[in-house]
Amino acid sequence: MLGHLLAELPAYQERSVILYVKGGPVGKVVQAVIDTPGHESADQLRQLNTSEAQSKLQRIAEIVQE
């Protein structure tokens, strides 16, 4: 299942949105950020504080910008 950011899809096709796989690595981060704060969300976000995770996030950012 796909998720998207902006919360509402725009009416105009020229407007950009970000698509992600719900339950995938990016989807888990998005969900952790928008959910009510809790231990599970905090743990998910803490996992980003590794060099491997930061490298993956950098690569995702590069792909999105292409």
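The following exercises, with worked solutions, concern a predicted model of a protein chain.

**Exercise 1.** Determine how many helices and strands the chain has and in what order the elements run.

*Solution.* Counting by type gives three helices and two strands. Reading from the N terminus on, the order of the elements is β-β-α-α-α.

**Exercise 2.** Describe the box filled by the C-alpha atoms and the share of contacts that join residues at least 24 apart.

*Solution.* Taken along the principal axes, the box of the C-alpha atoms is roughly 35 × 30 × 15 Å. Next, consider contacts between residues at least 6 apart in sequence: 5% of these join residues at least 24 apart.

**Exercise 3.** Characterise the burial, the exposed area and the charged side chains of the chain.

*Solution.* Begin with burial: the chain has 66 residues, of which 15% count as buried. Turn then to the surface, where about 5,700 Å² is exposed and carbon and sulfur atoms supply 56% of that area. Finally, consider charge: there are 6 positive and 8 negative side chains, and a distance of 3 Å separates the centres of the two sets.

**Exercise 4.** Locate alanine 42 within the elements of the chain, and decide whether alanine 42 is buried, partly exposed or exposed.

*Solution.* Alanine 42 belongs to helix H2, which covers residues 39–46. Its relative accessibility is 26%. Buried requires under 20% and exposed over 50%; alanine 42, at 26%, therefore counts as partly exposed.

**Exercise 5.** State what distance separates the C-alpha atoms of alanine 42 and histidine 4.

*Solution.* Along the chain, the two residues are 38 residues apart. In space, the C-alpha atoms of alanine 42 and histidine 4 are separated by 22 Å.

Technical notes
Residues numbered from 1 in each chain as written. Predicted model: local features only at pLDDT ≥ 70, side-chain atom pairs only at ≥ 80, totals over all residues. Heavy atoms only, no water. Helix = DSSP H or I, 4+ residues; strand = E, 2+ residues; numbered from the N terminus. Buried < 20%, exposed > 50% of the residue type's maximum accessible area, 1.4 Å probe, protein only. Contact = heavy atoms within 4.5 Å. Areas by Shrake-Rupley, 256 points an atom, 1.4 Å probe, with all protein chains shown as cover. Lys, Arg positive; Asp, Glu negative; His and termini not counted. Charge placed at Lys NZ, Arg CZ, Asp CG, Glu CD.
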